[in-house]
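Colleague: Could you walk me through reading a few features in this structure? I would like the general idea each time, and then the case at hand.

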Amino acid sequence: MTLRRKSHWTSPFDMELRYHTPLSAEEQIAHGVTTPQRMAIADKVRFSELDSQNHVNNKAYISWLESARVAYSDAYCLSFFDQRPRFMVHSITLRYIREMVIKESYIATCQVTAFRNSSYTLDQQVWSGDMRVRMQAVIVLDKPDGSGRYPLPEGLREQFMSLDGARDER
């Protein structure tokens, strides 16, 4: 009988975690997210995302968070608009907490924390047993033709408050 030694590159969450599919609050908690977020999607670190030190390259985190942000917008925002607005990143604040390595499973999260007339603020996080990265992003909506700002529909504002717990900063 041959025993296989578990690789130190493998996350303890690999066997249970569903990838590329929004996770429920229960699944998020089971995998270390302390406060479940409205959108959470899991994946695993790939070789192409590493830097010369064999840690995840800083730009990879931004890409993971972008995927969660787009999934959030598609799932929870688009139905409120007659025409698809232009979702533009106005600014981000990003804090790297702890490095990650190849084959490590992670969860990228996204939730609206505040909004104004034509913009909203997202709290985004990357978790792998504990929080690894946290980013705040301000998203501005522009009209499809780029001719000016696209005001947030009242129903979307109400949803931000009721489902995300967002603050109205108008």
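Modeller: Gladly! Let's start with burial: at 7% relative accessibility, D142 counts as buried, because the limit for that label is under 20%. Keep in mind that this is a predicted model.

Colleague: Which residues does D142 touch, leaving out those up to four places away in sequence?

Modeller: Its contacts are P85, R86, M88, G148, R149 and Y150. With one of them there is also a polar link: the D142 side chain comes to 3.3 Å from the backbone nitrogen of R149.

Colleague: And in which strand does D142 lie?

Modeller: D142 belongs to strand 5, which covers residues 131–142. Strand 5 is largely enclosed by the rest of the structure, because nine of its 12 residues are buried.

Colleague: How should I think about side chains along a strand?

Modeller: As a general idea, side chains in a regular strand alternate between the two faces of the sheet. After that, look at the partners on either pairing.

Colleague: How many bridges join strand 2 to strand 5?

Modeller: There are 10, and the two strands run antiparallel; strand 2 spans residues 86–96. For a landmark, find S91, which stands opposite V138 of strand 5.

Colleague: What about strand 4 and strand 5: how many bridges join them?

Modeller: Nine bridges, again with an antiparallel arrangement, and strand 4 takes in residues 119–127. Here you can use S119 as a guide, since V140 in strand 5 is its bridge partner. Strands 4 and 5 also make a hairpin, with three residues between them. In that turn, G129 has a positive phi of about 85 degrees.

Colleague: Now the cysteines. How many disulfides does a search of the whole structure find?

Modeller: Zero. The test is whether two cysteine sulfur atoms lie within 2.5 Å. For C77, the closest cysteine sulfur is that of C110, at 8.5 Å, so the pair is too far apart for a bond.

Colleague: Are C77 and C110 buried or exposed?

Modeller: C77 is buried, with a relative accessible area of 0%. C110 is buried too, also with a value of 0%.

Colleague: Could we finish with a helix? Where does A30 lie, and is A30 buried or exposed?

Modeller: A30 is in helix 1, residues 25–30. A30 counts as exposed, at 53% relative accessibility, because the cut-off for exposed is over 50%. One more distance to try in your viewer: the C-alpha atoms of A30 and E16 are 9.6 Å apart, with the two residues 14 positions from each other along the chain.

Key
Residues are numbered from 1 along each chain as its sequence is written. This is a predicted model: local features need pLDDT of at least 70, side-chain atom pairs count only at pLDDT 80 or more; totals for chains, interfaces and linings use all residues. Side-chain values use heavy atoms; hydrogens and water are left out. Buried means under 20% relative accessible area, exposed over 50%, partly exposed in between (1.4 Å probe, protein chains only). Helices (H or I, at least four residues) and strands (E, at least two) are DSSP runs, numbered from the N terminus. A polar contact is a pair of N or O atoms within 3.5 Å; within protein, one must be able to donate a hydrogen and the other to accept it, and residues adjacent in sequence count only if both atoms are side-chain atoms. Contact means heavy atoms within 4.5 Å. Two strands pair if DSSP finds at least two bridges between them.
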